[in-house]
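Welcome! Below is a short guided tour, written for someone meeting this structure for the first time.

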Amino acid sequence: MNLQNITLISFGYFEKTFLEQIADAVAGEFHCGLNLKEGHIDLSEFYDAGRRQYNGNSLLKYVDMIQIPEAGKTLGLFNVDLFIPILTYIFGQAFLGGRTGIASLYRLSNDRYGIIGDDGFLLDRFTKEVIHELGHTFGLIHCNQPTCVMRSSTYVEDIDQKDRHFCLKCRESIGIL
Amino acid sequence: MAKKISILIVDDEESVRESLYSWFIEDGYRVECAENARKALTILESDQFDIVLADIKMPGMDGLEMLRRIKAHKKDSIVIVMTAFATVDTAVKALKDGAFDYITKPFDPDDLTHLIRNATKQISLADENETLKSQVISLENVEDLIGNSEAMRNVLKEVENVAQTNSSVIITGESGTGKELVARAIHANSPRKFFPFVSVHCGALTESLLESELFGHEKGAFTGAMYNRKGRFEMADSGSIFLDEIATISNKMQVELLRVLESKTFIRVGGNKEISSDFRVICATNKDLKGMVEKGTFREDLFYRLNVVNIHIPPLRERKTDIPLLVDYFIKKYCISMNKSPIGIDSAALKRLQEFNFPGNIRELENMIERAIVVGDGKKISLKDLPLEKTMVSNSAESLDDFERAFILQILIKYSWNISRTAKALKVDRVTLYNKIKKYDLKPADQQ
């Protein structure tokens with residue numbers, strides 16, 4: 001399988017070096033070309049005042065509609081609190097086997113939980129989340145290997161328990177051996 | 001191959017169906033949706049589902065009526081009801097009518113995952129018939145746990161035996177022997193495998209962080225605590241908690257730990273509700289805990305609570321026959337992660353690795369192979385790619401002559417047997433070097 005180019009589009013403010021580090025890690029993991037773009041969006045359209053959160057389903061569809069020439073997979077990067085109607089929050093989501101996903105930095109920061117911030121943790125967690133959602137766009141489902149990046153994580157420290165990398169089986173599945 | 005669990009989602013709200021569909025599909029379940037109870041019952045006539053997740057309040061036939069009809073048709077069906085406004089009455093009614101459980105919208109992702117895992121566990125238990133039970137259960141594969149030596153086979157046998165029990169386990173062994181991997185293998189082969197394996201590196205926790213880290217805290221418990229945060233014990237509910245470097249915890253921590261292990265209950269910081277958690281404890285240490293108990297630096301009661309089963313992982317030097325397997329595995333692993341074509345290792349390099357004592361154990365071997373792939377020519381790992389020069393001497397030398405022989409050999413290898421460069425590096429003349437080579441009968445690997 002030929003892996004296609006990946007495009008990461010940041011919506012909202014992100015440190016340039018932070019994004020570059022994410023991009024390097026993603027390109028290294030998928031062994032494919034990577035574009036880093038900046039997107040502009042009126043997030044108020046996606047805000048749910050009742051929940052004081054942003055609708056992840058609508059944002060995913062919005063990013064999916066953005067046409068980027070030669071982009072194989074596209075992932076929207078956000079720094080807002082995402083939800084889907086049935087869940088209290090999500091870290092990200094993607095179309096399984098599709099071309100689009102989204103991930104948010106918002107709930108990955110220690111600061112949100114009253115713990116001293118740690119930039120290293122934040123970068124590591126977001127990198128894993130980005131690779132994880134992209135993995136879904138390549139058709140990967142959640143993996144049972146304890147350290148595989150495709151393992152499901154439902155709370156923030158759960159993300160710390162896994163690696164940034166795919167296990168051998170997941171690599172094989174998407175042809176990056 | 002494991003059976004794929006199927007889930008039927010019944011809800012009149014499209015956004016709910018859509019969200020749950022995406023969530024479960026990513027988990028690898030077979031998922032179908034129905035927008036009302038009648039349609040769900042029609043689907044169930046022609047297809048079987050392991051779990052039905054149904055909203056209570058729907059136009060036409062409600063979820064409770066649908067539950068009753070499903071149960072009348074198939075008593076052991078697992079039906080979970082969802083409700084936006086949970087009342088005790090509704091919950092009691094649903095459970096009385098045979099619902100497996102109920103959940104209030106919107107769900108915490110972790111609660112939903114736990115609920116479905118509980119249901120999945122029930123299904124797997126029900127599916128376990130006598131034939132399956134009598135089959136030899138092979139260990140669930142845990143990547144990285146490599147070895148076929150007798151010592152390693154004994155460890156794997158112990159893992160297999162202890163995995164099925166609920167006993168606390170202490171894994172002992174030198175640094176770098178793979179204690180956490182063994183802990184993961186125990187978890188992955190236990191009935192708790194559907195639930196989290198939570199790892200805590202006790203050595204990295206200060207006492208002040210302990211409370212919040214292990215017990216969690218409530219939203220608003222202190223400045224900046226915007227959300228509730230689960231502690232490690234709570235995260236490990238129904239699963240296993242791995243306490244690494246257990247010997248490093250302070251006396252105060254030992255008392256706290258003992259209390260939680262005995263009661264399996266705790267209160268989050270800033271909270272007032274007692275939370276109970278069903279976890280299995282697996283600990284690891286490279287220290288002599290028994291000796292610490294004798295010296296009074298580790299509590300005896302805690303030691304006996306933790307040390308129900310002890311698994312000792314031998315150092316790599318005691319299972320050198322595993323080295324070729326480990327080398328193969330690490331080469332494959334790092335060639336993949338560095339996007340390099342698979343390479344081999346020449347026999348001299350492999351022989352040298354098998355002679356080495358590896359004070360840092362598997363971790364040291366892994367680092368060596370990683371480095372060799374980075375610095376090597378991309379074809380085959382050879383002696384010059386292995387950083388054995390400095391460390392090897394101290395491990396193999398038993399006399400001054402041994403030391404000198406090993407040291408000269410390493411420098412010769414480093415300079416590819418170029419006598420002039422080696423002599424210069426050793427700060428001796430070429431004649432002296434030739435004499436030493438003769439004295440110690442040193443030969444390049446390809447002439448041995």
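Let us begin with a single residue: Asn361(B) sits in helix α16 of chain B. The model shown here is predicted. Asn361(B) is not a glycine, yet its phi is positive, at about 60°. Most residues other than glycine have a negative phi. Is Asn361(B) buried or exposed? Because it has 20 C-beta neighbours inside 10 Å, Asn361(B) counts as buried.

Chain A offers another positive phi: that of His31(A), again a residue other than glycine, is near 50°. His31(A) belongs to the loop that links α1 (16-30) and β2 (34-39) of chain A. With 15 other C-beta atoms within 10 Å, His31(A) is partly exposed.

Here are the two residues side by side.

| Residue | Phi | Place |
|---|---|---|
| His31(A) | near 50° | loop between α1 (16-30) and β2 (34-39) of chain A |
| Asn361(B) | about 60° | helix α16 of chain B |

Helix α16 also has a helix neighbour to look at. The axes of α14 (residues 323-337) and α16 (residues 361-375), both of chain B, come within 9 Å and cross at roughly 50°. That angle is why α14(B) is described as oblique to α16(B). The crossing of α14(B) past α16(B) is right-handed. Which residues make the contact? On the α14(B) side they are Leu326(B), Val327(B), Phe330(B), Ile331(B), Tyr334(B) and Cys335(B). Facing them from α16(B) are Ile362(B), Leu365(B), Glu366(B), Ile369(B), Glu370(B) and Ile373(B).

Now for the nonpolar cores. The largest one has 121 residues, and the members that touch the most others are Ile7(B), Ala54(B), Ile80(B), Val81(B) and Val182(B). Helix α8 (residues 179-188) of chain B supplies the largest share of this core, six residues. At least three residues of the core come from each of domain 1 (6-130) and domain 2 (150-312) of chain B. What does Val182(B) touch, leaving aside residues up to four places away in sequence? Its contacts are Leu145(B), Val155(B), Val159(B), Ile171(B), Ile311(B) and Ile313(B). There is also a second, separate core of 26 residues, including Leu316(B), Ile331(B), Ile362(B) and Ala406(B). Two of those names may ring a bell: Ile331(B) and Ile362(B) also take part in the contact between α14(B) and α16(B).

How do the two chains meet? Their contact takes 31 residues from chain A and 39 residues from chain B. On the chain A side, the elements giving two or more residues are β7 (87-90), α4 (156-160) and α5 (168-174). Among these, β7(A) gives the most, with four residues.

Two more stops remain, both in loops of chain B. Pro106(B) lies between β5 (101-104) and α5 (109-127) of chain B. The peptide bond leading from Lys105(B) to Pro106(B) is cis, with omega near -15°. Most peptide bonds are trans.

Finally, Tyr415(B) is placed in the loop between α18 (400-414) and α19 (419-426) of chain B. Tyr415(B) has 17 other C-beta atoms within 10 Å, so it is partly exposed. Not counting residues up to four places away in sequence, Tyr415(B) touches Arg421(B), Thr422(B) and Ala425(B). Lys384(B) is 31 residues from Tyr415(B) along the chain, and their C-alpha atoms are separated by 8.2 Å.

Definitions and conventions. Residues numbered from 1 in each chain as written. Chains lettered and ligands numbered in written order. Predicted model: local features only at pLDDT ≥ 70, side-chain atom pairs only at ≥ 80, totals over all residues. Core = buried A, V, L, I, M, F, W, Y, C linked by C-beta atoms within 7 Å. Buried ≥ 20, exposed ≤ 12 C-beta atoms within 10 Å, placed from the backbone. Domains from an automatic or database assignment. Contact = placed C-beta atoms within 7 Å. Axes fitted to C-alpha atoms, helices over the stretch in contact; angles between N-to-C directions. Parallel < 35°, antiparallel > 145°, perpendicular 65-115°, else oblique. Left-handed = near helix turned anticlockwise from the far one by under 90°.
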